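Let's take a friendly walk through a protein model. Keep the sequence and the 3D view side by side as you read.

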Amino acid sequence: MRGHSHRAGRTARKRRQKHESSARSVSLCHQPQHVKLWKFLHHRGFSSTLLQPALFTDTGRGLQTLRTIKPGQLIISLPESCLLTTSTVLHSYLGRYIKSWKPRLSPLLTLCIFLVCERHRGEASDWFPYINVLPTVYTCPAYFSDDVMALLPASVRRRALEQREAVKEMHSTNQEFFRSLQPVLSQPTADVLTYEALRWAWCSVNTRTVFMSHASSSFLSGPDNYALAPFLDLLNHRPDVQVKAGFNDVTRCYEIRSVSGTLRYQQAFINYGSHDNQQLLLEYGFVTTANPHSVVYVDTDLLCDVLRGDRSLTQKIKFLRENSFLHNLTVSSDGPSWRLMTALRLLSLPQTLYHQWKAVLLGQLVCEEREQWSVRMAKSLCQRLLQDTCSALDKVSHLLQQCEQPIREQLNVVKSLRQEERCILGSCLKALEESLRHNDSPLGAVN
């Protein structure tokens, strides 16, 4: 979790305040599993009179303020003894197995294995009060069925499939180590360290850890900056919130301090970073409405399909690829990004004007005719993306009428993503049409 600087305008603040006042909540602090978690944390030195767990109508579980939090005030201070890190694992009953194993395990895998084994131990686990409040399933792409995966935009679908395959590979390539843990398990390792169990643990670590640098361990392989933070991980993300977060080496606590403050009985939010909705879906399994960082990505395959009549397209695409200009081509509500318009301007050049490519990269216009061509191609790309988005939303609506609850939750996340992208594309098309009508100044100049 990292701090983020974004200052919302007056209209955005009013809209947010109206939304906050309409969101209702129910306290969860009296539920048995949260009582046990509180006792577990209190025993390890944590206490809080500012926040309580609650169920909100708009976000689900979160943390509610019991008093007004002032700007600059400490929201939460979680002692190191409450954090679950690789050090926790290496000092546990799994430590000797991990320390003696070659090749070394990654910190991520180490935490995943510990979570699976601790969940298997049930109430005998020291960490049971925490594991008992973790979600049992997630809406990350690693959980997506093939039908749901097919409804994602092409740009995020590839990364989602890579995520799912990475978890499968982590499970399949570590079978020998899993079998070595049989002495500490009451059931066969094949029944405990299943793909489904590892997927749950992977999503738990990927969605709920805070960033915390650790000294490298000779028993592990790769950088280690994970820490699972019970109770603190109930804080939800909002893109316009500003906080300062990190581990305090003096107090030996992970601390989060508010920048703008929060009113009493409202949900306390933090900021996971300046992520667009596709990134939020991939990393955390949710999207946010009116996300100021959200964009729609233009895939290379779509670019080639829209421009397939150009006989020199292969040569031009090769040039763009060699100059790293085929990545991060996007449109926002304000219009096409600078990178997309620059790529289109380069693609607009006939062979007789190839010598102008450096001028295009510097933002110079070759001629009005080429500029208008570039804007028309940007419009065609948006229309194709919008068509794909509307088609996907129709399919989502159809599947929602006949699916079970786990799939329904996945579909609702995809639906939210697609609805946000439909709004972005609609606004972008208006900006492009306005530009074509009035022959405006160059698009993508500041994006």
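## Serine 155 and its surroundings

In which helix is the place of serine 155? Serine 155 sits in helix H8, which covers residues 154-172. Before going further, keep in mind that this is a predicted model.

Is serine 155 buried or exposed? Its relative accessibility is 15%, and because buried means under 20%, serine 155 counts as buried. Setting aside neighbours within four places in sequence, you can find serine 155 in contact with Gln278, Tyr297 and Asp299. With one of these partners there is a polar contact: the side chains of serine 155 and glutamine 278 are joined at 3.3 Å.

## Histidine 171, also in H8

Stay in helix H8 and look for histidine 171. Histidine 171 has a relative accessible area of 15%, so this residue is buried. To get a feeling for distance along the helix region, try proline 153: from C-alpha to C-alpha, histidine 171 and proline 153 are 27 Å apart in space, with their positions 18 residues apart in sequence.

What does histidine 171 touch, once residues up to four places away in sequence are not counted? The list is Phe178, Leu193, Thr194, Tyr195 and Leu198. Tyrosine 195 deserves a second look, as the side chain of histidine 171 reaches its backbone nitrogen at 3.2 Å.

## Two nonpolar cores

Now turn to the nonpolar residues. The largest nonpolar core has 74 residues, and Leu51, Ile113, Phe177, Leu181, Leu232 and Ile256 are those with the most contacts inside it. Helix H5 (residues 107-121) supplies the largest share of this core, with nine residues. A second, separate core holds 33 residues, including Val331, Leu347, Val375 and Met377.

You can zoom in on isoleucine 113 as an example. Not counting residues up to four places away in sequence, isoleucine 113 touches Leu94, Leu105, Phe177, Phe178, Leu181 and Leu193.

## Where H15 meets H17

Next, find helix H15 (residues 338-348) and helix H17 (residues 368-400). Their axes come within 9 Å and cross at roughly 120°. H15 and H17 are therefore oblique to each other, and their crossing is right-handed.

Which residues make the contact? On the H15 side they are Leu340, Met341, Leu344, Arg345, Leu347 and Ser348. On the H17 side they are Arg370, Glu371, Trp373, Ser374, Val375, Met377, Ala378 and Leu381. Some of these names may ring a bell: Leu347, Val375 and Met377 are among the residues of the second core.

## Where H12 meets H18

Another pair to compare by eye is helix H12 (residues 277-284) with helix H18 (residues 405-438). The axes come within 10 Å and cross at roughly 165°. H12 and H18 are therefore roughly antiparallel to each other, and the crossing is left-handed. At this meeting place, Asn277, Gln278 and Leu281 in H12 face Val413, Leu417, Glu420 and Glu421 in H18. Gln278 is also a contact of serine 155.

Finish with serine 416, which lies in helix H18. Serine 416 has 29% relative accessibility, so this residue counts as partly exposed. How far apart in space are serine 416 and valine 287, C-alpha to C-alpha? The two are 129 residues apart in sequence, yet 6.7 Å apart in space.

How values were computed: Residues are numbered from 1 along each chain as its sequence is written. This is a predicted model: local features need pLDDT of at least 70, side-chain atom pairs count only at pLDDT 80 or more; totals for chains, interfaces and linings use all residues. Side-chain values use heavy atoms; hydrogens and water are left out. Helices (H or I, at least four residues) and strands (E, at least two) are DSSP runs, numbered from the N terminus. Buried means under 20% relative accessible area, exposed over 50%, partly exposed in between (1.4 Å probe, protein chains only). A polar contact is a pair of N or O atoms within 3.5 Å; within protein, one must be able to donate a hydrogen and the other to accept it, and residues adjacent in sequence count only if both atoms are side-chain atoms. Contact means heavy atoms within 4.5 Å. A nonpolar core is a set of buried Ala, Val, Leu, Ile, Met, Phe, Trp, Tyr and Cys residues joined through side-chain atoms within 4.5 Å. Axes are lines fitted to C-alpha atoms, for helices over the stretch in contact, and angles run from 0 to 180 degrees between N-to-C directions. Angles under 35 degrees count as roughly parallel, over 145 as roughly antiparallel, 65 to 115 as roughly perpendicular and the rest as oblique. A crossing is left-handed if the near helix is turned anticlockwise from the far one by less than a right angle, and right-handed if clockwise.
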